[in-house]
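Work through the exercises below with the model open beside the text, and try each task before reading its solution.

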Amino acid sequence: MNSMRVRLIAILLFTHVNVFAMSDLDYLPQSIQYDPAIPKPAEVLGSPVGTWHVRHDQLVEYMRVLAQHSDRVTIKETGRTHENRPLLLLTITSPQNQANIASIQQRHLDTISSGKTPDPSEPLVLWMGYSVHGDEPSGANASLLVAYYLAAGQGPEIDQLLNDNVVLLDPSVNPDGLSRFAQWANMHKSQNLVADPNNREHRQRWPSGRVNHYWFDLNRDWLLLTHPESRARIKEFHQWRPHVLTDFHEMGPNSTYFFQPGIPSRKNPWTPDQNVKLTEALGDFHAAALDKSKQLYFTQEAFDDFYYGKGSTYPDAHGSIGILFEQASSRGHLQETINGSLAFSSTIQNQVTTSLSTFAGALNNKKALLDYQAQFVNETQDLLKNDDERGYLLSESSDIGKFNQLKRILQQHQIRFYKLNKDAKVDDVTYAAVDTIFVPLEQPQYRLIKSLFSTRKRFTDNTFYDVSNWNLPLSFNIAYSAVSKSNMRRLSVSDQPATLGQPQIPELDSSAYAYGFAWQDYYSPKFLQRLLENDVQARIAQSAFSATTNSGTISFAAGSIVIPTALEQPDNLLSIIADLSQQLSVPVWSIKSGLTRQGIDLGSSKMEPVTLPKVMIVGGLGTSQYEAGETWHYLDNHVGMPVSIIDLDRLGNTNLDDYTHMIWVSGRYNQVSESTADKIDAWVKEGGVLIGQQSATKWFAKQEWLKANFMKQSEVTGAFSAKGLVFADKEAFDAKQRIAGAAFATKLDVSHPLAYGFTRELLPVFRNSDDVLLMPEKPFITVAQYTEKPLMAGYTSDELEDLIADSAAIVAHRLGKGRVIGFVNNPNFRGYWYGTSRLMSNAIFMAGFIDSEG
């Protein structure tokens, strides 16, 4: 290592720590000069970093000013958040590199594609990502100082740093959450800082700043891509494929500082061991920097690298080194902790320190990092050669909308898929070419594909920080099969990647007797919602029928929507239907007669009128912000339904008669007063539809609204024996009793109204709780039941699987004039369980058909 690099590393590892920083420069190395022509953050913000929590608009303003003043910095708006805030990515490198940035980027991608080791003179690509959780703001505030350091630092050492690296700086991964929290912390700041942890400044209300606009955790969305923030980031990631990606977080105030590696036994099995070794090599530099500033820290504890949907693990599936940093949080400006007073400025300082130590560690390990990406590609090829599986067939014949969404996720992850040239039979299942795609493993994303299609149930270490499975076709309820080497000869696969499906949209006949569309498509509920909002009178078919149309005889399953022209309809009915059919890609058929070829006629009493629902989600303190947000997001984005979110503590003063449906997510409902419970009881019995999921369903049973019983918790815990265990076994014993986010098989009663639109009895569901709903004695009220061996993918102990086997998954019945619907699971987990989220639409639109008494 040359002397200049040694000196540069020494500079990068030296930072001056000042608990109450008086200027921006107090955070940065004092041994170098800074260009006075480059504005410091304080010159734009009006005060030094750490004085106030930076708002996202201020952060954006400073980054744009920096790009205007420095030829080292370019700035790109990669997208917009739900709240229309810009998502920024700064490219910071030497002016010479900036002049050739496109060719540097292309050479880097070409080298990765070829699997060859790049020239040693090529720069490293370092992605610095800050504050994916908005109430973990030290990262975003530190990004101001890191950007200034790179733009304004002077001297040959800084020149070498910029020549040898392209730094991609994402200053705020979650702008909406950051802005929400900055407002909270700033509006509660006193002139005399209050360190009391109980002070309102340190205790956010609901929803917290951790989450984005729809109250999702964006650090769980790297794989699922439910939100625009994630989609924009993943697009840029694949255009750069960085060598190192950092992910700056915060944790509880009474902790210290964590940096990876995490617990070695809890890494994803598809992540190479060399990844851990390089993470450890970089960790030596973080340790040295924190040692110099006398900061407490820890490694190889608490956090894991298993779930590929997080910022520090998604890179691991691509030959990048993802690194998680966790700083103890001041959750405001100053907070008393077990380690003394923790100032906001100190939390920022540590994030600056480890940002600079990342640069130092990367420079020192440049050759190893360059070599690793080539090694990753070549080892991936070796894994493929030794794998008996060649790929996966996926088929969906009745729901193009859902299938297209799965394909979009694959496309965004740079995963190719192909059409079949002819039908294929694999494992006694015939896959029709017109409805099937093939996802080959022989492509660069081999490891990610294996992860997305994993059905692993047993693991070296059963303790999971997050979910243990995220199988994509199971979450979408898509029929699929692994294809072995021997079965490949049965396939005739197109040599060109496939695109999204495009259904044939029939031309509508203005003289039609009625119009009809099927309920199977994922976007049919949105179609119906839009019709009702346009004052279109529609009917829901309670039974199947076949009708004569301009395209011949068409079969309509139960749940299909019929729009009779005999009813009073808007003057522009035809254009309303035609426009929606095109927009949503849902075919509509022109029906010639009210007399059907088979099944009920169009004037049957089993053609149920449907009215515009008025839906309430119970939210606020005591309820899960994640589940409330998931339900809101589904109904708002995928159904196009405006919903009212009513705080739990205001429910008693709310006129429930204004609402037709009430949705309860997981929460703590012992706080609900007797008078409020009585109001809900009366509302349901007068015709309201009460929908609950997870712990809300358990509460419904306690209130005797849901006529079913849960297994006692003592029976669940009693299924586990601790005989012979010692204290050191406690963590593993506790992990054994937890369902770590797994996929379970249920048998769906496809004749039930809540199952309208579903075509298969097998329905995979997501579970992460140990609640067991016993099978009701009364017939016809169980909509779905767990199978005899329900675990499909992910970790669950044998004891829990046995308890869950054959238990109820969904129960629905009448209660007076109303209906009660209970889901044991969360049907819309993280917004990507498309296979079960449709159940929520059915609970709203099809509830009127539930006629069994509880």
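The exercises that follow concern a predicted model, and they treat its strands, a sheet with its helices, and its nonpolar cores.

**Exercise 1.** Determine whether strand 10 (residues 389–395) is largely enclosed or not, and identify the strands that pair with strand 10.

*Solution.* Begin with accessibility, where a residue counts as buried under 20% relative accessible area. Six of the seven residues in strand 10 are buried, and therefore the rest of the structure largely encloses this strand. Next, turn to the pairing: strand 10 is antiparallel to strand 15 (residues 479–484), with six bridges between them, and L393 is found opposite S481 of that strand. Finally, strand 14 (residues 436–440) also runs antiparallel to strand 10 and is joined to it by five bridges, with T436 in strand 14 serving as the bridge partner of S395.

**Exercise 2.** Carry out the corresponding analysis for strand 29 (residues 742–748), covering burial and pairing.

*Solution.* Strand 29 is mostly covered, since six of its seven residues are buried. Its pairing with strand 30 (residues 762–767) is antiparallel and comprises six bridges, and within this pairing T746 faces L763. Strand 29 also pairs with strand 31 (residues 782–793), again in the antiparallel sense, over five bridges; here A743 has A793 as its bridge partner.

**Exercise 3.** Describe the open sheet of seven strands, and find the helices that pack on it.

*Solution.* First, establish the strand order, which is 1-2-4-3-5-7-6, with mixed pairing. The edges are then strand 1 (73–80) and strand 6 (257–259), each of which has a single partner strand, so that one side of each lacks a neighbour in the sheet. On average, neighbouring strands are turned by 15° against each other, direction ignored. Within the sheet, strand 3 (residues 124–130) and strand 5 (residues 244–251) run parallel and are joined by five bridges, and Y130 stands opposite F248 in strand 5. Last come the helices: helix 7 (residues 156–164) packs on the sheet and touches strand 2, strand 3 and strand 4, its direction making about 80° with that of strand 4. Helix 3 (residues 56–69), by comparison, lies across strand 1, strand 2 (86–92) and strand 4 (165–170), and runs at about 35° to strand 2.

**Exercise 4.** Which residues of the largest nonpolar core touch the most other members?

*Solution.* The largest nonpolar core has 167 residues, of which L635, W664, L690 and I821 touch the most other members. Another core lies apart from it and has 61 residues, including Y62, A142, L145 and L161.

Notes:
Residues are numbered from 1 along each chain as its sequence is written. This is a predicted model: local features need pLDDT of at least 70, side-chain atom pairs count only at pLDDT 80 or more; totals for chains, interfaces and linings use all residues. Side-chain values use heavy atoms; hydrogens and water are left out. Buried means under 20% relative accessible area, exposed over 50%, partly exposed in between (1.4 Å probe, protein chains only). Helices (H or I, at least four residues) and strands (E, at least two) are DSSP runs, numbered from the N terminus. Two strands pair if DSSP finds at least two bridges between them. A nonpolar core is a set of buried Ala, Val, Leu, Ile, Met, Phe, Trp, Tyr and Cys residues joined through side-chain atoms within 4.5 Å. Axes are lines fitted to C-alpha atoms, for helices over the stretch in contact, and angles run from 0 to 180 degrees between N-to-C directions. Contact means heavy atoms within 4.5 Å.
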